[in-house]
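Please open the structure in a viewer and keep the selection panel at hand. The tour below proceeds from one selection to the next.

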Amino acid sequence: MERTELSGMTRAELTEWVRANGMPAFRGKQIFEWIHRGADFDEMTNLSKNLREELKAKAVAQSAEIQTERQSALDGTVKFLFALRDGNCVEGVLMRYKYGVSLCISTQVGCRMGCRFCASTLEGIIRNLTAGEMLGEILAADRYLQKQSPGVKVSHVVLMGSGEPLDNYDEVIRFLHLLREEDGIRISLRNVSVSTCGIVPRMYDLAREGLPVTLCVSLHAPNDEIRKQLMPVARSWSIKEILEACRYYIQETGRRVIFEYALTDGINAGRQQAEELADILRGMQCHVNLIPLNAVKERNLKGVTEETVRAFLKTLEEKRISATRRREMGDDIEGACGQLRRSVITEKTGDRNDEKI
Ligand code: SAH
């Protein structure tokens, strides 16, 4: 019998499940609280041993475990490889800021979007993550933090690991609702960012959910011609359509949109592209996050020098576009999307042996 994943349930659903399995309803609240505190059945001390054994046989409390971790010597950033129950694994990155602890989580194993610069998509998609697994990534990181820095918990979440969140729409929405359940993990949706490569119809759907999350859009180009060179999804929706959806998002939520822009040598990083970008974003309530492309071994695309970043930023600022250079964290631990998973997978298969864990 397939065991039931409890971490994806709301408190009401868990209470229902508990009742359907012949237990008193108040157990639902207890178990829900334990799960959201990262506990496994053995640790649920207010349940009898028999009950815990019964639960273990029927259900799963925690859906992700840390398989590998690498801590950056540069800035304390930690890159995790989370093991899922079916043997798949996904990445997450924990970053410590002055304002709190941010965790970047994955929403799919692999990705089917095919962006040319991205390591997560090299082998296509394997499967969607469930809401319980997404929550499980945070709970696993919280367990890690509990050992390292007691009392500290993940306070901010970005859906920027492997996968396209809006290609796994229903589970992502369910996950977002879980974050604000009573007696649950209680992460404010204002501290959550959802990043998309620009799946326009789902951007409208998200705007209508009434969830105060920040929408990040991986734009990476000031026009469709360049965008199509980098992102196959640009063949489905134009930048004009994306920006219209962003305006709608801003109007519905009152929140500014963040544009991600990976500067790629010889492709999108010149003064002309900076001016063009400023032109298309003029008057919009937005912010641009610049990041030098993280070169991926399997792709022949290159990042840019610090000077190029500065010049691009200056042009945007001159044109009154709010922009910053995204701090690159964990540069020494393969911070870029999909890289750790790939290096661990290839290590396992013996393709490479130059990596230390
Ligand atoms: N699918 C979503 C979220 C995952 S990717 C999206 O496209 O937004 C998270 C961010 O990392 C995206 O902005 C993506 O374009 C960027 N990214 C992926 N590979 C990168 C690389 N090699 N260098 C810099 N940024 C990269």
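**From the sheet to the ligand**

Begin by selecting C216, which stands opposite I258 in β12. Bear in mind throughout that the model is predicted.

Next, extend the selection to strand β11, residues 214-218, and strand β12, residues 257-263. These two strands pair in the parallel sense, over three bridges.

Now add helix α8, residues 239-253. Helix α8 lies across both β11 and β12, and runs at about 145 degrees to β12.

Then display the whole sheet to which these strands belong. It is an open sheet of ten strands, and the pairing is mixed. Following the order β3-β4-β5-β6-β9-β10-β11-β12-β13-β14, one may colour the strands in turn. At the edges stand β3 (64-71) and β14 (323-325); each has a single partner strand, so one side of each is left without a neighbour in the sheet. From one strand to the next, the twist averages 25 degrees.

Leave the sheet and select the ligand. How many residues surround the ligand? There are 17, and the closest are F117, S195, S218, H220 and N294. Colouring this shell by class shows eight nonpolar, seven polar and two charged residues.

Three contacts of the ligand may now be inspected individually:

- Select S195: an N or O atom in the side chain of S195 is 2.6 Å from an oxygen atom of the ligand.
- Select G163: a backbone N or O atom of this residue lies 3.0 Å from a nitrogen atom of the ligand.
- Select T196: a polar backbone atom of T196 is 3.4 Å from an oxygen atom of the ligand.

Finally, show the surface of the ligand. Taken alone, the ligand exposes 530 Å², of which the protein buries 94%.

Terms used. Residues are numbered from 1 along each chain as its sequence is written. This is a predicted model: local features need pLDDT of at least 70, side-chain atom pairs count only at pLDDT 80 or more; totals for chains, interfaces and linings use all residues. Side-chain values use heavy atoms; hydrogens and water are left out. A residue is near a molecule or strand if one of its heavy atoms lies within 4 Å of it. A polar contact is a pair of N or O atoms within 3.5 Å; within protein, one must be able to donate a hydrogen and the other to accept it, and residues adjacent in sequence count only if both atoms are side-chain atoms. Accessible areas come from the Shrake-Rupley method with a 1.4 Å probe; for residues, only the protein chains shown count as cover. Ala, Val, Leu, Ile, Met, Phe, Trp, Tyr, Cys and Pro count as nonpolar, Asp, Glu, Lys and Arg as charged, and the others, Gly among them, as polar. Two strands pair if DSSP finds at least two bridges between them. Helices (H or I, at least four residues) and strands (E, at least two) are DSSP runs, numbered from the N terminus. Axes are lines fitted to C-alpha atoms, for helices over the stretch in contact, and angles run from 0 to 180 degrees between N-to-C directions. Contact means heavy atoms within 4.5 Å.
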